[in-house]
Each structure stands twice: as C-alpha cells, then as structure tokens.
Amino acid sequence: MTQELTSQWLAEIKALKQQIAELQAEQEAGWQSGEKWRKLYNIEAEQRRTDAQMAQQTIASLKAEIQQIKGIEEARLDDPTAATAIEQQVEQLKSVEELQAKLILVTKERDRLLQALKTEQDNHAQTRKSLTTALADAIDGLTKEREEREGK
C-alpha cells in the first residue's frame, strides 16, 4: 500500500513538474512576444519621429524660400549678404505674375507637406494606440495565466 501511495505521489510530482515546465515555456513565449512588440513599436516610433523631423525641415526651408521671394525684411535684411541674395532672386523674376506664380507654387507645396505631416502624425498615433493595445493584451494574458497557475 505504501509503495502504491509512493508511486502515486511520484507520478503526481512528475505531472506537476511537467505542468511547471510547460507554464514556464508559455511564460517565456509570452515575454518574447511582448519584447517583439516593444521592439516593433520602438522601430515604428523612431521612423515616425524621423519622418516628422524631415517634414519640419522641409517646411522650414520652404518658409525661408517664401520669405526670400516675398522680400520680407525679417529675413535678416540687416545682413548685407542675405539682403543681396534675396534681391538677386527677386530680380531674376521678370514680372509680378512670375512672383505670384512662384509664391502660389511654394504655398501649394507647403500645404501639401503640412497635410502629409498631419497624415503621418495621425498614422503614428493610430500605430501607437494599436501597439499599446496589443502589448496590454499580451500582458493581461500573461497575468491571467499566472493567476490561473497560482490559483490551481
């Protein structure tokens, strides 16, 4: 009888060890999945930051070009070389119509870039939300697994 009881206990211990090993493997897989999602989120966030920075640089250069074309005095007219460069660009335009056409072209490009930036910002926000939700779901799943294991 004691031998039978001992073998039952040994079988139960072996089964529990197997369950522990399986749960540890599942936990490790969950953590790896969470790490994978974190890396993907960070890569996407870095790409969005880079894209936004490039768009801001383009907008800044277009603003500077508009200022040069318009001949706005705030474009550092106190600097003789800047004033000369602006004057040369304005002199290259042969008529008011050319100036207006150039201004319209630059304004349209600025508006297009602003819209592209807005779209990228919206896409980034949606991606962040999706990845955060996926990460939270993975963590919730791991927490539930842990609670189930501890509850058994």
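This passage walks through the fold, the surface and the salt bridges of a predicted model.

The protein chain contains 3 helices and 0 strands, and its elements follow one another in the order α-α-α. Of the 152 residues in the protein chain, 12% are buried. Contacts often reach far along the sequence: among those between residues at least 6 apart, 72% join residues at least 24 apart. The accessible surface of the protein chain amounts to about 11900 Å², and carbon and sulfur atoms account for 54% of this area.

One feature to look for on the surface is a nonpolar patch formed by L5, W9, L10 and I13, which together offer about 430 Å² of accessible area. I13 belongs to helix α1, spanning residues 2–70. With a relative accessibility of 40%, I13 counts as partly exposed.

Turning to charged side chains, the model holds 7 salt bridges. In one of them, E35 pairs with R38 at 2.9 Å, N to O. These two residues are 3 apart in helix α1, so about one helical turn separates them. Both ends are partly exposed, E35 at 35% relative accessibility and R38 at 29%.

A further salt bridge links R48 with E44 at 2.6 Å, N to O; here the partners sit 4 residues apart in helix α1, about one turn of the helix. R48 counts as buried because its relative accessibility of 16% is under 20%, whereas E44, at 23%, is partly exposed.

E46 and R49 also meet in a salt bridge, at 3.1 Å, N to O. E46 is partly exposed, with a relative accessible area of 42%. Shared partners, in turn, join the salt bridges of E44, R48 and E120 into one network.

Technical notes. Residues numbered from 1 in each chain as written. Predicted model: local features only at pLDDT ≥ 70, side-chain atom pairs only at ≥ 80, totals over all residues. Heavy atoms only, no water. Buried < 20%, exposed > 50% of the residue type's maximum accessible area, 1.4 Å probe, protein only. Contact = heavy atoms within 4.5 Å. Areas by Shrake-Rupley, 256 points an atom, 1.4 Å probe, with all protein chains shown as cover. Patch = residues over 30% accessible without salt bridge, like charges linked within 9 Å, V, L, I, M, F, W, Y side chains within 5 Å. Salt bridge = Lys/Arg side-chain N within 4 Å of Asp/Glu carboxyl O.
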